[in-house]
Amino acid sequence: MARGNESGQWRHARSHGAGPRSVHPPPDAQPNRTIATEGDRDILVARAAGFLSRFGYLGEHDCPNDLLCPHTATALARFQRYFGLAPTGTLTTETLKLMSRPRCGVPDVEPGAVEADEDTDPFTFRGGTWDRQQVSWVALNRTPDMTDEMEQLTAANDTWSTLLPIDLPYDGTLEAPLQFSWQVGDHGDGSPFDGPGRVLAHAFYPRDGRLHFDEAENWRNHAGEGVYDLQTLALHELGHALGLGHSPLREAAMYPFYQGERRTPHEVDLKGMRSRYPTRVDAGGDPFVTVPLYALESTGGCDVITVHVGGPHPLLAWGQVTMVDSRGDLDRDNYCAVEVYEVDHERRGGRVFGGDHFGADGSPCNCYAGVWAGNASEITFRLSVGNRQDVEAFGTGNIMVLTGDLG
Ligand SMILES: [Zn+2]
Ligand SMILES: [Zn+2]
């Protein structure tokens, strides 16, 4: 559905007092031009600094607000890098335009030192996970904007639960761990809403369970000019409530800016979520265990299984792809990888390795990730494919429990 054009959104935000009224909308032409000479520069800098600290890019610092100080410039460059803009550290019209778009109120990053890859990871984990198979939900109030808000919230919950080994049923009691509500302005959780436009909703990481929509917005069961699709925001906020952070990938449901109707997760969202909530298998005392892995369209192109072997025991663990099936356009955009993803809940580095890109339909692939050897109680295998519409893969996760010590 049509989203308002950029200048329209800027006007929309201003007309409700979300920003200083003396600020002129930046011209759409010359997107990389630096705003250095305009009289409103100090206001723009102060506003950008406010944005950067609100969304995690800029920590506490002593410089005056109306100054593009080194801290603010560094934070600005980080914001620009995160969203694929030229990381100049200067206020370009393109940067200001992006900042003015409606979005989720949850910070994108955390200020200060970051792990090298965190800002470019297609998915990020924040907070913990829910420690149960079933996480029920309730809506504490309703919005006067809609009559079918419960259906829309149900649909968003069902979308995640059909794709994950976790159930999100409606509960309707105050015992439900996930609690949706509509809130206005400062509503007592340290993240006040800001009237129409700008911040639309926010949620808290596990195991908090609060998901809030800004009642100052116009909520609908579709996207459109000046209105927001509730199901899209509910899907996104549920992502946070289950433990996912923001993604810099535009196609992801966890992209922080609102882009109109987006009611299904992208495969990177599913890879993140399934990696957080693996299927669990208890291998008992078997010395040799093989579990099936299927990375299909229906599993979001990703299968993650944790095998519990007791112990800790000395063991060998390895994954193997047994078949790759072309579903559509099998080309070099496709990949397939199998990993020993976690050992006793510790991630083994942030990189997929042992995968392969494919040249042509039916070509052999080398998806063998190598053998992990060591002492462990639990091994998590992950099989994933890229472009799940085009390719699916079958594989196995294998464990051989050894007797005696690893020499
Ligand atoms: Zn968000
Ligand atoms: Zn809130």
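These exercises work through the cores, helix packing and backbone geometry of one predicted model.

Residues are numbered from 1 along each chain as its sequence is written, and chains are lettered from A and ligands numbered from 1 in the order in which they are written. Because the model is predicted, local features need pLDDT of at least 70 and side-chain atom pairs count only at pLDDT 80 or more, while totals for chains, interfaces and linings use all residues.

**Exercise 1. Locate the largest nonpolar core and say which domains supply it.**

Step 1. Fix the terms. A residue is buried if 20 or more other C-beta atoms lie within 10 Å of its own, exposed if 12 or fewer, and partly exposed in between; C-beta atoms are placed from the backbone. A nonpolar core is a set of buried Ala, Val, Leu, Ile, Met, Phe, Trp, Tyr and Cys residues joined through C-beta atoms within 7 Å.

Step 2. Find the centre of contacts. The largest core has 65 residues, and Leu-238, Phe-381 and Ala-393 touch the most other members. Strand E10 (residues 302-326) gives the largest share, 10 residues. Helices (H or I, at least four residues) and strands (E, at least two) are DSSP runs, numbered from the N terminus.

Step 3. Assign domains. Domain 2 (137-274) and domain 3 (279-401) both contribute, so the core lies between them. The bounds come from an automatic or database domain assignment.

Step 4. Check for another core. A second, separate one holds 16 residues, including Leu-44, Ala-48, Phe-55 and Leu-91.

**Exercise 2. Describe the surroundings of Met-273 and its helix.**

Step 1. Place the residue. Met-273 lies in helix H7 (residues 267-276).

Step 2. Count neighbours. Met-273 has 28 other C-beta atoms within 10 Å, so it is buried.

Step 3. List contacts, meaning C-beta atoms, placed from the backbone, within 7 Å. Leaving aside neighbours within four places in sequence, Met-273 touches Leu-164, Leu-242 and Leu-244.

Step 4. Widen to the helix. In H7, 9 of the 10 residues are buried, so the helix is largely enclosed by the rest of the structure. Its buried residues pack against helix H5 (149-163), helix H6 (230-241), E10, strand E11 (335-343) and strand E14 (372-386).

**Exercise 3. Work out how H5 and H6 pack.**

Step 1. Take the geometry. The axes are 9 Å apart, at an angle of about 45°. Axes are lines fitted to C-alpha atoms, for helices over the stretch in contact, and angles run from 0 to 180 degrees between N-to-C directions.

Step 2. Classify. H5 is therefore oblique to H6. Angles under 35 degrees count as roughly parallel, over 145 as roughly antiparallel, 65 to 115 as roughly perpendicular and the rest as oblique.

Step 3. Name the partners. Residues of H5 including Leu-153, Ala-156 and Trp-160 meet residues of H6, among them Ala-234, Leu-235 and Leu-238.

**Exercise 4. Pick out the cis peptide bonds and the positive phi angles.**

Step 1. Read omega. A cis bond joins Pro-206 and Arg-207, with omega about 0°. Arg-207 sits in the loop between strand E4 (199-203) and strand E5 (210-214). The bond from Gly-311 to Pro-312 is cis, with omega near 15°, and Pro-312 lies in E10.

Step 2. Read phi. Arg-198, a residue other than glycine, has a positive phi near 55°. For His-345, also not glycine, phi is near 70°.

Step 3. Compare burial. Arg-198 counts as buried, with 24 C-beta neighbours inside 10 Å. His-345 is exposed, with 9 other C-beta atoms within 10 Å.

Note on methods
Contact = placed C-beta atoms within 7 Å.
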